[in-house]
Amino acid sequence: MNIAPQKGLPWITSKMRRLFGSERAFNSETPPLSRQYIAGFAGFWVMADEAHIISLAVRDTLYRRGIGELLLIATIDLAAQLKAYIVTLEVRASNTAAISLYRKYSFTQVGLRRGYYIENKEDAILMSTEDITSASFQAHLQQLKESHSQKWEIPLYQITR
Ligand SMILES: CC(C)(COP(=O)(O)OP(=O)(O)OC[C@H]1O[C@@H](n2cnc3c(N)ncnc32)[C@H](O)[C@@H]1OP(=O)(O)O)[C@@H](O)C(=O)NCCC(=O)NCCS
């Protein structure tokens with residue numbers, strides 16, 4: 001399936017709607033608190049031309065269903081809209097799942113912060129993209145979007161039941 005180059009919130013909400021197979025959860029009315037269900041979230045800040053991911057997490061019961069990837073795609077698209085040229089982050093050296101996700105999206109290690117995580121003194125790997133507006137990065141991103149879209153065509157609720 002070809003993904004049109006849609007960006008921002010309309011794109012991610014339509015993808016999430018398709019993943020969950022639910023129209024109601026994403027309409028303009030805010031559901032009652034008891035019905036809200038957070039599958040995952042991502043956050044980043046932008047300083048000058050750099051977007052720095054400060055959090056990206058998926059509910060553990062929903063791992064390996066493409067949600068982390070979807071959040072990362074949306075983050076990169078939103079970062080580009082906000083005129084960032086690179087996306088950076090820190091990740092625990094032991095976090096092989098996250099490192100694999102970031103490598104898939106062409107992040108490479110650009111530094112090491114020794115003892116960065118205070119509770120266990122674990123090192124943080126500093127990772128960065130190349131220029132996210134470059135033709136090569138955008139071509140790779142488009143391929144990944146198309147592959148993700150094809151892989152996660154099945155509504156999520158059908159997988160989890
Ligand atoms: C990292 C995390 C966000 C991945 O979310 P997810 O929804 O399970 O990931 P996806 O299903 O979208 O997988 C996308 C890619 O991530 C990588 N990946 C995810 N889980 C993995 C695992 N257990 N082992 C190896 N690679 C993994 C793979 O490259 C995968 O691509 P593939 O399906 O082609 O193999 C999730 O494990 C998580 O929330 N972890 C705890 C919080 C965290 O560590 N956040 C990162 C902080 S920097």
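Begin the tour at Gly68 and the ligand: in this predicted model, a backbone N or O atom of Gly68 lies 2.8 Å from an oxygen atom of the ligand. With the ligand still selected, consider how far the protein covers it. Taken alone, the ligand exposes 920 Å², and the protein buries 75% of that. Next, colour the chain by secondary structure and note which elements give two or more residues to the shell around the ligand: strand 2 (50-58), helix 2, strand 3 and helix 3.

**The ligand and its polar contacts**

Now add Arg64 to the selection. A polar backbone atom of Arg64 is 2.8 Å from an oxygen atom of the ligand. Then show the side chain of Tyr63, where a polar atom lies 3.3 Å from a nitrogen atom of the ligand. Thus Arg64 offers a backbone atom to a ligand oxygen, whereas Tyr63 offers a side-chain atom to a ligand nitrogen.

**The shell as a whole**

Widen the selection to the residues surrounding the ligand, of which there are 20. The closest are Leu56, Gly68, Asn95, Ser100 and Lys104. Which element gives the most to this shell? Select helix 3, which contributes six residues, the most to the shell around the ligand. Colouring the shell by residue class shows ten nonpolar, four polar and six charged residues. If a pocket surface is displayed, the space taken by the ligand is to be found as the second largest pocket.

**The fold**

Hide the ligand and view the complete chain. The protein contains five helices and five strands, and along the sequence these follow the pattern α-β-β-α-β-α-β-β-α-α. Switching to a colouring by accessibility, one finds that 40% of the 161 residues count as buried.

**Two pairs distant in sequence**

Select Ile73, which is found in helix 2. Is Ile73 buried or exposed? Its relative accessible area is 1%, so Ile73 is buried. Add His148 to the selection: the two residues are 75 positions apart along the chain, and their C-alpha atoms are separated by 9.8 Å.

Move next to Val46, located in strand 1 (residues 40-47). Val46 has a relative accessible area of 34% and is therefore partly exposed. Its partner for this stop is Ile86; Val46 and Ile86 are 40 residues apart in sequence, with a C-alpha to C-alpha distance of 9.8 Å.

**Two loop residues with positive phi**

The last stops concern backbone geometry. Select Lys83 in the loop between helix 2 (67-81) and strand 3 (86-92). Although Lys83 is not a glycine, it has a positive phi of about 70°. Lys83 counts as exposed because its relative accessibility is 63%, over the 50% limit for that class.

Finally, go to Ser106, in the loop between helix 3 (96-104) and strand 4 (108-117). What is the phi of Ser106? The angle is positive, about 70°, although Ser106 is not a glycine. At 23% relative accessibility, Ser106 counts as partly exposed, because the buried class requires a value under 20%.

Conventions: Residues are numbered from 1 along each chain as its sequence is written. This is a predicted model: local features need pLDDT of at least 70, side-chain atom pairs count only at pLDDT 80 or more; totals for chains, interfaces and linings use all residues. Side-chain values use heavy atoms; hydrogens and water are left out. Helices (H or I, at least four residues) and strands (E, at least two) are DSSP runs, numbered from the N terminus. Buried means under 20% relative accessible area, exposed over 50%, partly exposed in between (1.4 Å probe, protein chains only). A residue is near a molecule or strand if one of its heavy atoms lies within 4 Å of it. A polar contact is a pair of N or O atoms within 3.5 Å; within protein, one must be able to donate a hydrogen and the other to accept it, and residues adjacent in sequence count only if both atoms are side-chain atoms. Accessible areas come from the Shrake-Rupley method with a 1.4 Å probe; for residues, only the protein chains shown count as cover. On a 1 Å grid over the protein atoms alone, a cavity is a set of points where a 1.4 Å probe fits but cannot get out, and a pocket is an open set with protein on both sides within 12 Å along at least five of seven lines; lining residues have an atom within 4 Å of a point. A molecule sits in a cavity or pocket if more than half of its atoms lie within 2 Å of its grid points. Ala, Val, Leu, Ile, Met, Phe, Trp, Tyr, Cys and Pro count as nonpolar, Asp, Glu, Lys and Arg as charged, and the others, Gly among them, as polar.
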